[in-house]
Amino acid sequence: MSRQPAPRSIRNRLLRAVLGIVALGWLGTVALTVLFIDREMNEGFDEELELVAETTLVALETGADRIVPRLVAVTAKENERLLRIIRPGVPEPQVPWVSPTEDGYFDSMGWRALRRTGDHEVVEVAHNRGWRHKEMAEAAVSLLILVGPVVGLLIWGLMRALARALRPLDALAGAIAGRSPDDLSPVPEAGLPRELHPLAHGLNSYLARIDDLRAIERRFIANAAHELRTPIAAIRARLDLGGGAGAEAALPMLDDLTRRVERLLQLSRSEAGLGLGRGPADLVQVVRLLVEDARRPGVAIRFDDADLERLSLAVDADALAILIRNLLENALEHGTGPVRVVIRPAQAGQGPALMIENPTAQTGFVEEAFRKGPGSRGLGLGLSIVAALAAAMGATVEKSIRAGQARVVVTFGE
């Protein structure tokens, strides 16, 4: 089975795109800056050669024998900059370049030099190109060091601006994710950025269509159940009056049909939220009455009330009774042994709970709704009613099957 690719993040894509553009712009700026620095520094170095050459010629013309001998073959540190004076009748100092015959700038053997001819002497001033490149690199590095904090501040500002721009999208996603499955109210569009309005409007239209469909389904279930109750009751009355073997065989079928109709009505009312008050309801008393009413021959129901005389809940008593009755009937219809009903008082950080447990033919650990057992005549509505009522009460329902034991735990709010 191939692995599904991880969902792509719009935030990360935007951040990478923005940082990529910034990086390209920064690199382009660095390249242009280096070229500019190289040109300007070379012009400055050439001006230095011009200044040294002119100054030397002036000195030679005005200093006579007192100055001229000290200016011959002056060499800078590490052969970075050299000055050569060529005079008639004097051996030429050796230099690491080949001199041209004409005045002007020239490049030879890794040196940038300037040749100037005076009245009697020739002056050559030269810079080592390696030294020039080194000076240019140091200047560029110094500039980049100064620009580095600015670039870092720019990246930080872009990340903050991007996070702030996407904050409404995060808020919208959080509001949708935090909704209950039954919450079909419209998403507030006020205050959203213009780019999110189509998304919110489309989502609200979709929620409205779902709500309409659910309302139609609820009305159909309620109307169908109401329409069936009266003829079923009339048929049962006629069979009771008529008697006979056929009537005795038909009565259990009518009872099953009546129970199904009642569950359809309960499901319709629970999904619509009708008739659900805020209590209080005594959990111990309601469970005790329902356990006594649900007892059947051959099936034991063991009730553990945790030695509580009463346990008050802020829920509607009728809705609580419907929820527990459906759980008991589900256990009796789908189980294979005695049913255990336990009330657990409120604990630290957790509200009171009701547990219903019984053996089952299933094995393994299943988190989904219970499957119908062999020979069960149920329609699977009981757990749907339980889920709808629990959601309306603010309770949670945990269903599990482990080691041949089916268990349902309903935890109520504190």
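# Exercises on a predicted model

An open sheet of 5 strands, with mixed pairing, has the order β6-β8-β9-β11-β10. Two strands pair if DSSP finds at least two bridges between them; strands (E, at least two residues) and helices (H or I, at least four) are DSSP runs numbered from the N terminus. The model is predicted: local features need pLDDT of at least 70, side-chain atom pairs count only at pLDDT 80 or more, and totals for chains, interfaces and linings use all residues. Residues are numbered from 1 along each chain as its sequence is written, and side-chain values use heavy atoms, with hydrogens and water left out.

## Exercise 1: the sheet

Find which strands are the edge strands of the sheet, and describe how β8 is joined to β9.

Solution.
1. The edge strands are β6 (301-304) and β10 (396-402), each of which pairs on one side only.
2. On average, neighbouring strands of this sheet are turned by 15° against each other, direction ignored.
3. Strand β8 (residues 339-344) runs antiparallel to β9, and 5 bridges join them.
4. Ile-343 has Leu-354 in β9 opposite it.
5. β10 and β11 also run antiparallel, joined by 7 bridges. Here Lys-399 stands opposite Val-408 in β11.
6. The hairpin of β10 and β11 has 2 residues between the strands, and Ala-403 takes a positive phi near 55° in it.

## Exercise 2: helices on the sheet

State which strands helix α5 touches and which strands helix α6 lies across.

Solution.
1. Contact means heavy atoms within 4.5 Å. Axes are lines fitted to C-alpha atoms, for helices over the stretch in contact, and angles run from 0 to 180 degrees between N-to-C directions.
2. Helix α5 (residues 283-294) packs on the sheet and touches β6, β8 and β9; its direction makes about 170° with that of β6.
3. Helix α6 (residues 317-334) lies across β6, β8, β9 and β11 (405-411), and runs at about 15° to β9.

## Exercise 3: the nonpolar cores

Which element gives the largest share of the largest nonpolar core?

Solution.
1. A nonpolar core is a set of buried Ala, Val, Leu, Ile, Met, Phe, Trp, Tyr and Cys residues joined through side-chain atoms within 4.5 Å. Buried means under 20% relative accessible area, exposed over 50%, and partly exposed in between (1.4 Å probe, protein chains only).
2. The largest nonpolar core has 35 residues, and those with the most contacts inside it are Leu-283, Leu-320, Leu-323, Ile-324, Val-341 and Phe-412.
3. Two or more residues of this core come from each of α5, α6, β8, β9, α7 and β11.
4. The largest share, 8 residues, comes from α6.
5. Ile-324 touches Leu-283, Val-286, Val-287, Leu-290 and Leu-354, residues up to four places away in sequence not being counted.
6. Another core, of 9 residues, lies apart from the largest one; Leu-60, Ile-85, Leu-114 and Val-125 are among its residues.

## Exercise 4: aromatic pairs

How many aromatic pairs does a search of the whole structure find?

Solution.
1. Rings of Phe, Tyr and Trp (its six-membered ring) pair if their centres lie within 6.5 Å; planes under 30 degrees apart count as stacked, over 60 as edge-to-face and the rest as tilted.
2. The search finds 2 aromatic pairs.
3. Phe-45 and Trp-131 form a tilted pair, 5.0 Å centre to centre with 50° between the planes. This pair links distant parts of the chain, 86 residues apart: Phe-45 is in helix α1 (residues 10-71) and Trp-131 in helix α2 (residues 129-177). Both Phe-45 and Trp-131 are buried.
4. Trp-97 and Trp-111 form a tilted pair as well, at 5.6 Å centre to centre and 50° between the planes. Trp-97 lies in the loop between β1 (81-86) and β2 (104-108) and Trp-111 in strand β3 (residues 111-117), so the pair ties together parts 14 residues apart in sequence.
5. Trp-97 counts as buried because its relative accessibility is 5%, and Trp-111 is buried with a relative accessible area of 6%.

## Exercise 5: an accessible residue

Is Ala-361 buried or exposed?

Solution.
1. Ala-361 lies in the loop between β9 (353-359) and α7 (381-393).
2. Its relative accessibility is 61%, so Ala-361 counts as exposed.
3. Ala-361 is 27 residues from His-334 in sequence, and the two are 8.8 Å apart in space, C-alpha to C-alpha.
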